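Work through these exercises with the model open beside you. Each task is followed by a solution in steps.

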Amino acid sequence: MVLERSEQVGGAAVTEEFHPGFRNSVASYTVSLLEPRIAADMGLFRRGLRILPRPMANFAPQIDAPGLALHHDPTRTRAAIEMHSRRDAERYAAFLDELASLTRVLKPVMLEPPLNPYGGWREAGRALQWLRRIRTLARAKRLGAAWNLLTGSAGGWLDRWFETDILKGALGFDSIVGHFASPYTPGSGYLLLHHALGEVNGVRGAWGHAVGGMGSITQTMAEAVRDLGADIRCGDAVQSIEVDSRGVELETRAGARYAARAVAAAIHPQILFARLMQRSDLPADFYERILAWRSESASFRINVALSELPDFACLPGKAAEPHHGAGILISPALEYLDRAYLDARSHGYSRSPVIELLIPSTVDPSLAPKGAHVASLFCQHFARHLPGGRSWADAKTAAVKTIVDTVSAYAPNFRQAIVGLQALSPADLEQRFGLVGGDIFHGQMTLDQLYWARPALGYASYKSPVRGVYLCGAGAHPGGGVSGAPGHNAAHVILRDLTSRRGLRRPTR
């Protein structure tokens, strides 16, 4: 049985009509990290799910310069980089090779439970697998790069490779997606790697659009599990989880009660452990860890209905071209990203925000009326708490204006082309989707909140301190993104527990 607070399943990966005739992905907005094994297990593509690759990977516009196109073809990208720096163009292939070497080693980790440092000899065999991975990196002469990137910063790594601001800014964008930090903050290198672990239709590192929006992924999943006998009940939130010697029992706001052998919660760790469960059921040190769990991605989401495509000053034209279907990155330099973070720390939000603009209707015309378009704007940095006692209800209008003004500086017709708009501040993301602090990853993906420490040492393998209660959302390994990986991994752990000699207690009420 699936219990869902909202009127439809899908969490932040849902599609809706936000303006008459215009539909778009509400919060999650692009796909790459969805695990192919999960899509195959659930028969998603057989059931009609379609993922279309972007016609161009990324496009970084400039105001007084030609901008930079990052193509799927490295040869074409090298030619585009050469317009800015011959040195960087010559180094680009080696950079891609190093990035691919690191992601090949990390990719398998996504679909396996983290090591338990308190697991004793039972974990020794799995620890050997990590030694083999380290040896693989050492043999490829990539161990130093991996160490520098995982413990250092994305900015430092990119500065060692390149000299061109627009190239470093475009590549560095992934290090601050959903990460309230500077690209020069230690640990930001992992976020860059995390966003390079995906694929679209077998092409590694590619990003694409789900036809029908991100909701088509989750609704196809719902169809698959219903066919397998699952009972999906929407519109009634769980309000408490009780445990005793007889098992686990849930109660909903409507007063329904359900007994279960296992409860898998795809919700924020603080909601599960600090709101739904009794403090007395949890170890004191674990409970304190959960209370101290940091949640702030500083993200702001806007969906816009457009009467015409953006006309970029550096690449004029309103007719659809490959760059209109790219990830359009307003991220002109690493220093720009750094200033955006520092500005948000003092002002509450960046007055020159970092923005990714996607126009999915360029490849999926079903989302908008003929001749019109929809666009997703994912924006950084917008702090969870505003200074001076301001609330997001007070600041939202000004923040939206800042975002629209920023895009309009690169595409002067953008403001006039807007015929409808949906804006989600950090407070809106929390209220609507249960994203505490507006954190799209259910908790910051910093080194002290990753892998065997997500959400706590000794409890990162999806099992909570309470027998029969499991965490299976983005607050568990491997973290955020529309991947399905936390649920996949948790399901295998639950299956082992259900079939083990000790098993899980059958409900008696």
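Contact here means heavy atoms within 4.5 Å. The model is predicted.

**Exercise 1.** Find the strands that helix α15 lies across, and give its angle to β19.

*Solution.* Start with the helix: α15 covers residues 426-433. Next, list the strands beneath the helix: β15 (299-306), β18 (373-382) and β19. Then take the angle: α15 runs at about 70° to β19.

**Exercise 2.** Which residues of α15 are buried, and how are they arranged around the helix axis?

*Solution.* Apply the cut-off first: buried means under 20% relative accessible area. P426, L429 and F433 of α15 meet it. Now look down the axis of α15. The buried residues fall within an arc of 65°, so they line one face of the helix. The general rule helps here. An α-helix has 3.6 residues a turn, so residues three or four places apart point the same way. Finally, identify the cover: it includes β15, β18, β19 and α13 (392-410). Just past the end of α15, G434 has a positive phi of about 70°.

**Exercise 3.** Give the strand order of the seven-stranded open sheet, and explain what sets its edge strands apart.

*Solution.* Read off the order: β6-β5-β16-β17-β18-β15-β19, with mixed pairing. The edges are β6 (68-70) and β19 (418-424). Each has a single partner strand, so one side of each lacks a neighbour in the sheet. Neighbouring strands are turned by 20° against each other on average, direction ignored.

**Exercise 4.** How many bridges join β5 to β6, and which residue stands opposite F59?

*Solution.* Three bridges join β5 (residues 58-60) to β6. The two strands run antiparallel. Opposite F59 stands A69, in β6.

Note on methods:
Residues numbered from 1 in each chain as written. Predicted model: local features only at pLDDT ≥ 70, side-chain atom pairs only at ≥ 80, totals over all residues. Heavy atoms only, no water. Pairing = 2+ DSSP bridges. Helix = DSSP H or I, 4+ residues; strand = E, 2+ residues; numbered from the N terminus. Axes fitted to C-alpha atoms, helices over the stretch in contact; angles between N-to-C directions. Buried < 20%, exposed > 50% of the residue type's maximum accessible area, 1.4 Å probe, protein only. Arc of directions from axis to C-beta.
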